[in-house]
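Biologist: I should like a close look at one turn of this model, followed by an account of its surroundings in the fold.

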Amino acid sequence: MAKGILYFENEIMHLENYEVLPSIYEVDAKPFCFRCGNNLAECFANLPNNERYCRNCLMMKRVNSAQHFYYQKPEEAERIYFKEPLVWEGILSFAQQKGSDAVLNAIREKQSLLLWSVAGSGKTEMMFKGIEAGLKKGLRICLASPRVDVCIELAPRLQEVFPDVPQVCLYGDSEAVFNNETFVVATTHQLLRFYRYFDLIFIDEVDAFPYAKNPFLEYTVRKAGCEEAIQIFVTATPERKWQLECSEGKRNYVKIPARYHGFPLPVPRNCWIGDWQKQLNKKRISKKVIAWIMSYIKAKKPILIFFPKIDVMFKFSEVMEQYGFRRLTTVHSADKLRKEKVQQLRDGTIQVLLTTTILERGVTFTDVQVAVFGSDGSIFTEAALVQIAGRAGRKKDFPTGEVCFFHFGKTCEMKRAIQHIEIMNKTAWEEGLLGAT
């Protein structure tokens, strides 16, 4: 059995050498779930025998107050020390080097760090040297993300540059099994199973759902780390509270306002299309949208269009098919073929991919043109729109691209997103990072 994992009694053959831990117990006269940190009375329920169970982490197998967890602590003698684990011949840009140095310093000083770096800046590459330093010290490392797609995208890239390091990628539908690998890529939900295993934890896309503003998942990440675990938070769009803490000197951070290729971030343009919802109900789509799509179809460029709701996306797809468009595909969080569809857009098998916000982060396409249909929808926050805009212009050979917000009225979130991007570009110019590599 793997060490660092919380097991139930019926999952292990011999109980010797296991530490017994509580499952659900009272804290200040309130129920508390040791596995997920839930302390909300309304998130607990009783079984017929009056034993209490936690509804908050039910998807990871039910735990009730009559049960205990069994845990084996990893031994110091079991650590693996790597001499030269990083196999990568790439060269960091000036901006990336600044981020890489900050990560290295945080690990050396055993401090938490916020790596605040624009979408497409090459944040993964900025982590390489930090990961290498940790592996040389024998640290057990986790790169966690709230999004499955991000984990699936990152795992092979990390395996390629750390080829001799035992690695596993854990997420809900994964068939992989943890076996005390030194390097774990996982969704934040998978960390519910761990206890005091990791010495260094990178949390990528820390502001993304479902991690953002979720105290249970924050507890889960802390529980998965050892007592002195170092946490490196990574995102292009930290929440406003964190931004304020940075400006007030209350949070250790480094800001990277430029992409690795030295070109400015594409600034979205707004395009008013009237009442798009009413038009869809009448099986119509604005001529402006059609013209935008047609221009890039003729230019043979891949197109990524985001939608506020699944039903809006499906209605749009149906109307487009009535208009004679055939090479477009839809994708959403419950789509079991989403990985394959993303690859189809990359391969050119399809030219237009319609998506919900599931693809707002963690995916890269070459020379993609981006649109948000119904950008006035409530789901499109400043952070979401900045991340979506960040899909365009990511490749060095194709550093530009269009981002268009099709709307029925400008929202504050749209205005803030554009302002956010413009400020980052201005900062990058002032720091001499644009036009530099």
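In the hairpin of S2 and S3, which residue takes a positive phi near 55°?

Modeller: The residue is Asp28, which has a positive phi near 55° in a hairpin with 2 residues between its strands. The model is predicted, so local features need pLDDT of at least 70 and side-chain atom pairs count only at 80 or more, whereas totals for chains, interfaces and linings use all residues. Numbering starts from 1 along each chain as its sequence is written, and side-chain values use heavy atoms, with hydrogens and water left out.

The arms of the hairpin are S2, residues 24-27, and S3, residues 30-33, which pair in the antiparallel sense over 4 bridges (pairing requires at least two DSSP bridges). Across this pair, Tyr25 has Phe32 of S3 as its bridge partner.

The hairpin belongs to a protein with 11 helices and 19 strands (DSSP runs numbered from the N terminus: helices are H or I of at least four residues, strands E of at least two). Its C-alpha atoms fill a box of roughly 70 × 55 × 45 Å along the principal axes. The radius of gyration is 23 Å, which agrees with the value near 22 Å for a compact globule of 437 residues (taken over C-alpha atoms; the rule is 2.2 Å times the number of residues to the power 0.38).

Two helix pairs complete the picture. The axes of H2 (residues 123-136) and H3 (residues 148-161) come within 12 Å and cross at roughly 45° (lines fitted to C-alpha atoms over the stretch in contact, with angles from 0 to 180 degrees between N-to-C directions). H2 and H3 are therefore oblique to each other (not under 35, over 145 or 65 to 115 degrees). The crossing of H2 past H3 is right-handed (the near helix is turned clockwise from the far one by less than a right angle). Thr124, Glu125, Phe128 and Ile131 of H2 meet Leu154, Arg157, Leu158 and Val161 of H3 (heavy atoms within 4.5 Å). This contact of H2 with H3 has 5 nonpolar, 1 polar and 2 charged residues (Ala, Val, Leu, Ile, Met, Phe, Trp, Tyr, Cys and Pro are nonpolar, Asp, Glu, Lys and Arg charged, the others polar).

In the other pair, the axes of H10 (residues 382-389) and H11 (residues 412-430) come within 8 Å and cross at roughly 50°. H10 and H11 are therefore likewise oblique, and H10 passes H11 in a right-handed crossing. From H10, Glu382, Leu385, Val386 and Ala389 make the contact, and from H11, Glu413, Met414, Arg416, Ala417, His420 and Ile421. By class, the H10 and H11 contact has 6 nonpolar, 1 polar and 3 charged residues.
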